[in-house]
Amino acid sequence: MRRQMVREVLAQGRADSETELFGWVRTARHSKSLSFLELVDGSCMAGLQVVVEPSLPGYEGIRSLRTGCALRVSGRLVDSPGKSQSVELHAKDVELIGDVDDDYPLQKKRHSFEFLRTLGHLRFRTNTLGAVIRVRNSAAQAIHRFFQDRGFLWLHSPIITALDAEGAGEMFRVSTLDAGSPPRNDSGEVDFSQDFFGGETLLTVSGQLEAEIGALSMGNVYTFGPTFRAENSNTSRHLAEFWMVEPEMAFCDLDGDAELAEDFLKCVIRSILEDCPEDMAFFQQRIDEGLMERLDRVVSAPFERLTYTEAVEILEGSGRDFEFPVKWGVDLQSEHERYLTEEHVGRPVVVTDYPIDIKAFYMFRNDDERTVRAMDVLVPGVGEIVGGSQREHRLEVLRERLRHHGLSEERYGWYLDLRRYGSVPHAGFGLGFERLVQFVTGMANIRDVIPFPRVPGNAEF
Ligand code: 4AD
Ligand code: MG
């Protein structure tokens, strides 16, 4: 008999057929005349109700089954009298595959997400984390589908790199040198020429620069992989290791980039709503009661567009007493972003044309020489979910920008080459994958939407 999953059985709901399932007991109720086991296997939120009659051989053993036990169950599917499910399984054979110790920490009661983070090896068995894992999977599929349908090529950008793609210096070093006594050169500095790659190497903060290489040969590409930031941000929206999706398009400007970001977010959210109705209903009921309404507004209405300068005027005129005061030239803080998207507009907002001094070296400089063709997409509850820009494709301006940022022309030599050999206007953006999952599920803390969070002071599991 082919092994079936609970999701399939409940969806098909075919009574009077024989089946065999494997899974874990979520709850067990034993009465004098019957035992009810709720069997879950990760394939969906709901469990399958398994009914065991005392006449079954070995019934005494079944009476001791409890939450967490791993089982093989076979029997006949019958229409369920309960209205919460289509079918239930009348057991003909129940085999205990893995028993559970008395101190199993996931008893049927609510645990805090903080506590569950200390149980990284077990927390996917809870309703919430299980739903997160399924929605994450669905989101990743939707992202690939979106780009594949539009002819973008998936480019596998490297994880180990020698370049700081954001020029912000927040990188983890990769080295096989002896940390206790590394080789040193004549000036006493660590001699990375003796390191594994013959030079200093780091974990990537973004695949953008490689995506630019891709776009300038292949037209439209995207990356989708892990990125790393050694910033000491202990917030509900920052991880030291997170996944980023970075499309890059040749012959494209910032307007085209913003259009793609809007289509992309709408399409991916629609797809998750269709693909995971049960999990999404759970998030709406248990995590965030405003969730569905917010997501509906995102997919049905156009995103608002504001320049940074307009955004600052709105914030200054808001009468709000922000913790970080606003004036032209400062970077927008989370409280400002959230005011704009949650209160001023009530929908996603694309903010464009930021001051040149607060943005990365690679962004296209506007004629005013004070701003760059950058954009951030801000969404309610999360703030910045996407950051992108049109890239500086003019050799002389890019040289000037590198100099201004104290970055060496030699190091960024190949990046400059791309501006000498058939340079074209191009643009792209980065979506923080966990911020998307946070937005779609309403989960308050980003540590609960990634299987194994890495944050300052913690890389367990
Ligand atoms: O705005 P960022 O830093 O932009 C870039 O890295 C560009 N190279 C992207 C591009 O144009 N190709 O990061 C992009 C997005 C942010 O908008 C945010 O959603 C997410 O990545 N992000 C983080 N997510 C979780 N933890 C962190 N520490 C993050 N830092 C950025
Ligand atoms: Mg950003």
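A polar side-chain atom of E384 sits 2.6 Å from an oxygen atom of ligand 1. Taken alone, ligand 1 exposes 620 Å², and the protein buries 93% of that area. The model is predicted.

**The shell around ligand 1**

The ligand is surrounded by 24 residues. The closest of them are E166, Q208, R229, E246 and E384. By class, the shell divides into eight nonpolar, eight polar and eight charged residues.

Three polar pairs link protein and ligand atoms, as tabulated here.

| Residue | Protein atom | Ligand 1 atom | Distance |
|---|---|---|---|
| E166 | polar side-chain atom | nitrogen | 2.6 Å |
| L239 | polar backbone atom | nitrogen | 2.9 Å |
| E384 | polar side-chain atom | oxygen | 2.6 Å |

E166 and E384 use side-chain atoms. L239 uses a polar backbone atom.

Strands contribute to this shell. At least two residues come from each of β11 (241–250), β15 (383–390) and β16 (426–432). Which strand gives the most to the shell around ligand 1? It is β15, with five residues.

**A helix pair**

Two packed helices are described by the angle between their axes and the distance between the axes. Helix α6 spans residues 254–275, and helix α8 spans residues 291–300. They pack at an angle of about 135°. Their axes lie 9 Å apart. Angles that are neither under 35 degrees, over 145 nor within 65 to 115 count as oblique. α6 and α8 are therefore oblique to each other. The crossing of α6 and α8 is left-handed.

Notes: Residues numbered from 1 in each chain as written. Chains lettered and ligands numbered in written order. Predicted model: local features only at pLDDT ≥ 70, side-chain atom pairs only at ≥ 80, totals over all residues. Heavy atoms only, no water. Near = heavy atom within 4 Å. Polar contact = N/O pair within 3.5 Å; in protein donor to acceptor, adjacent residues only side chain to side chain. Areas by Shrake-Rupley, 256 points an atom, 1.4 Å probe, with all protein chains shown as cover. Helix = DSSP H or I, 4+ residues; strand = E, 2+ residues; numbered from the N terminus. Nonpolar A, V, L, I, M, F, W, Y, C, P; charged D, E, K, R; others polar. Axes fitted to C-alpha atoms, helices over the stretch in contact; angles between N-to-C directions. Left-handed = near helix turned anticlockwise from the far one by under 90°.
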